[in-house]
Amino acid sequence: MPYSDLRSFINDLEARGQLARVSTEVDPVLEIAEIADRMCKMPAAGDAPVPATDPVHGGKGGSALLFDNVKGFDVPVAINLYGSYERMQLALGVSDFEELSNRVQELIKPELPSNLIDKMKKIPQLAKLAGYGPKVVKRGICQEVVHTDDADLTALPIIQCWPHDGKPGYGAKPADYAEGTGRYITFAGVHTKNPDSGERNVGMYRVQVFDKKLAAAHWHVHHDGARHFRAYQKRGEKMPVAIVFGGESVLPYAATCPLPPDVSELLFAGFLNDGGIELVPCKTIPLEVPANAEIVIEGFADPEQTLIEGPFGDHTGFYSLADRYPAFHVTAITHRRDPIYPTTIVGLPPQEDYYLGKATERIFLPLLKMLIPDIVDYSLPMFGAFHNCVFVKIRKEYPMQARKVMSSIWGAGQMTFSKMLVVVDEHVNVHDEQEVLFHMCANTDWRRDTVIADGPCDVLDHATPYMGAGAKIGIDATRKIPGEGVVREWPDLLVMNDEVKRRVTERWAEYGF
Ligand SMILES: Cc1cc2nc3c(=O)[nH]c(=O)nc-3n(C[C@H](O)[C@H](O)[C@H](O)COP(=O)(O)O)c2cc1C
Ligand SMILES: [Mn+2]
């Protein structure tokens, strides 16, 4: 089972020898980040399983960390909790992501029952789905302590991740640049509601702290938080926003899931949690938040006021440049007694977010296959930092099928942003980078087998000519067949006869090596 709150997750990680408690005084400015960066690149604590799908990068992630002596603060800081395969799986209550992809598969099974008995059999499953919705309750531990007028962002041990974060003097500086604190909220669910439909959204978006009650929320133009904000702007209204830390261990993951715009992260979290998430009404804004959270920041995004947000050391391995984002004004901070503040850093991979991404890669495979049935498997290699590179293998049955798959992927939710797509045949192991690159180099004529397509790109990609828009490349590394341009006779890949292989295996000792 996933954990009902951050504390039980932390306690269990500690009991399993997967968490290091640090009582030495540490600085929330850069020092925690540097420790976490080193830790998540170390071998994983405990007997962390290496998934068969990731023979190269499994077994990393070090320990989860709990700093209980943070300079200037009495709130402990937790980091790298999700930063290994095993911890990511524990957070989702499974021993293999496959368990969840099977449950997703079960849920989306396309065939509808035709006869009455089968229809009735389906009812419990649907009723169960209904039970996954969030439930509003009266009281929650997240409101044991309530600060309104005295709410103060700078009283939280919010860390600074990289030296130039939020600092003027790095990159272009507009005239109205206000220096932020350089501190960023990085591991929270940002809760909003669509003012027209009431639909809830939770996204993990970073938030830069400027002052006690002033911050800036960095939701990308393509993301649901930004979509909700545009709807409020159109009405000329302030958007209520709640920034939520902790709660059920599935919540931070659900906030990063690439769900379609009208699929609720809270419903999906309830599905992952195998039980609906309990919510309590906020104290100062018309939103409900997870009752079991550690800390909740309530406030609103101003439809007219923007702040220069950034630069920020990002998951691309580079600073994302400063830009205008809506100002967020704090109206309250509520928390449980003795809260723990969870955070993360992003940067050159691997970081904690690699494991969140890998969970999504596995859990969403059945959905991707349903959209694009040609796909057998795919991988987002670590060096690609999510959007820069996708390896896809297909069961090729007709000419130009790889092109069809590229077009489909470039039209599928956040996969749209895939900057380089390499399509290989079914026999290639997409989780082995060397093997994919071998086929990519061997099987392609660059003029014939590549497609360069214009479209929306990752907002964080600094190399695109425009922010969020540019070109992507698709590489057809499959075996070419008639109908795909000029194709000469295609040779077979070298494979030894089974009989000879068997004989050599049997006689290996005889050779006297
Ligand atoms: C550690 C981490 C930090 C992230 N920071 C941001 C961010 O600052 N802004 C953003 O738009 N997306 C960010 N993302 C990605 C979104 O959380 C993710 O794309 C999510 O699916 C967006 O949800 P939405 O579709 O409901 O907007 C981050 C993801 C992770 C794992
Ligand atoms: Mn969403």
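Which residue in β17 does Ile-295 stand opposite? It is His-335, and that pairing is a handy way into this predicted model. Let's start with the overall layout and then come back to the strands.

The chain divides into three domains: domain 1 covers 6-99, domain 2 covers 122-343 and domain 3 covers 372-476. If you take the centres of domain 2 and domain 3 over their C-alpha atoms, 32 Å separate them. The contact between these two domains draws 12 residues from domain 2 and 10 residues from domain 3. On the domain 2 side of that contact, five residues are nonpolar, six are polar and one is charged.

Now for the start of the chain. Helix α1 spans residues 6-15, and its residues Leu-6, Phe-9, Ile-10 and Leu-13 are buried. Looking down the axis of α1, you would find its buried residues within an arc of 95°, so they line one face of the helix. The spacing makes sense: an α-helix has 3.6 residues a turn, so residues three or four places apart point the same way. Just after α1 comes Gly-17, which takes a positive phi of about 70°.

Back to the strands, with β14 as our guide. Strand β14 runs through residues 293-309, and 12 of its 17 residues are buried, so the rest of the structure largely encloses it. One of its partners is β17 (residues 323-335), which runs antiparallel to β14 and is joined to it by 11 bridges. The pair we opened with, Ile-295 and His-335, stand opposite each other, with His-335 in β17. Another partner is β11 (residues 239-246), again antiparallel to β14, with eight bridges between them. Here Val-241 has Gly-299 of β14 as its bridge partner.

Strand β11 is itself mostly covered, with eight of its eight residues buried. It also pairs with strand β7 (residues 189-193), in the antiparallel sense and over three bridges. Within that pairing, His-191 stands opposite Ala-242 in β11.

To see this region from a single residue, pick out Ile-297, which sits in strand β14. Why does Ile-297 count as buried? Because it has 28 C-beta neighbours inside 10 Å, where 20 or more are needed. Setting aside its neighbours within four places in sequence, Ile-297 is in contact with Ala-242, Ile-243, Val-330 and Ile-333. Ile-243 is 54 residues away from Ile-297 along the chain, yet 5.0 Å separate their C-alpha atoms.

Finally, take a look at ligand 1. There are 21 residues around ligand 1, and those that come nearest are Gly-203, Arg-206, His-220, His-223 and Asp-224. Several elements give two or more residues to this shell, namely β8 (200-203), α6 (224-235), α7 (251-256) and α9 (352-363). Sorted by class, the shell around ligand 1 holds eight nonpolar, 10 polar and three charged residues.

Methods:
Residues are numbered from 1 along each chain as its sequence is written. Chains are lettered from A and ligands numbered from 1 in the order in which they are written. This is a predicted model: local features need pLDDT of at least 70, side-chain atom pairs count only at pLDDT 80 or more; totals for chains, interfaces and linings use all residues. Domain bounds come from an automatic or database domain assignment. Two residues are in contact if their C-beta atoms, placed from the backbone, lie within 7 Å. Ala, Val, Leu, Ile, Met, Phe, Trp, Tyr, Cys and Pro count as nonpolar, Asp, Glu, Lys and Arg as charged, and the others, Gly among them, as polar. A residue is near a molecule or strand if its C-beta atom, placed from the backbone, lies within 6 Å of it. Helices (H or I, at least four residues) and strands (E, at least two) are DSSP runs, numbered from the N terminus. A residue is buried if 20 or more other C-beta atoms lie within 10 Å of its own, exposed if 12 or fewer, and partly exposed in between; C-beta atoms are placed from the backbone. Two strands pair if DSSP finds at least two bridges between them. The arc is that of the directions from the helix axis to the C-beta atoms.
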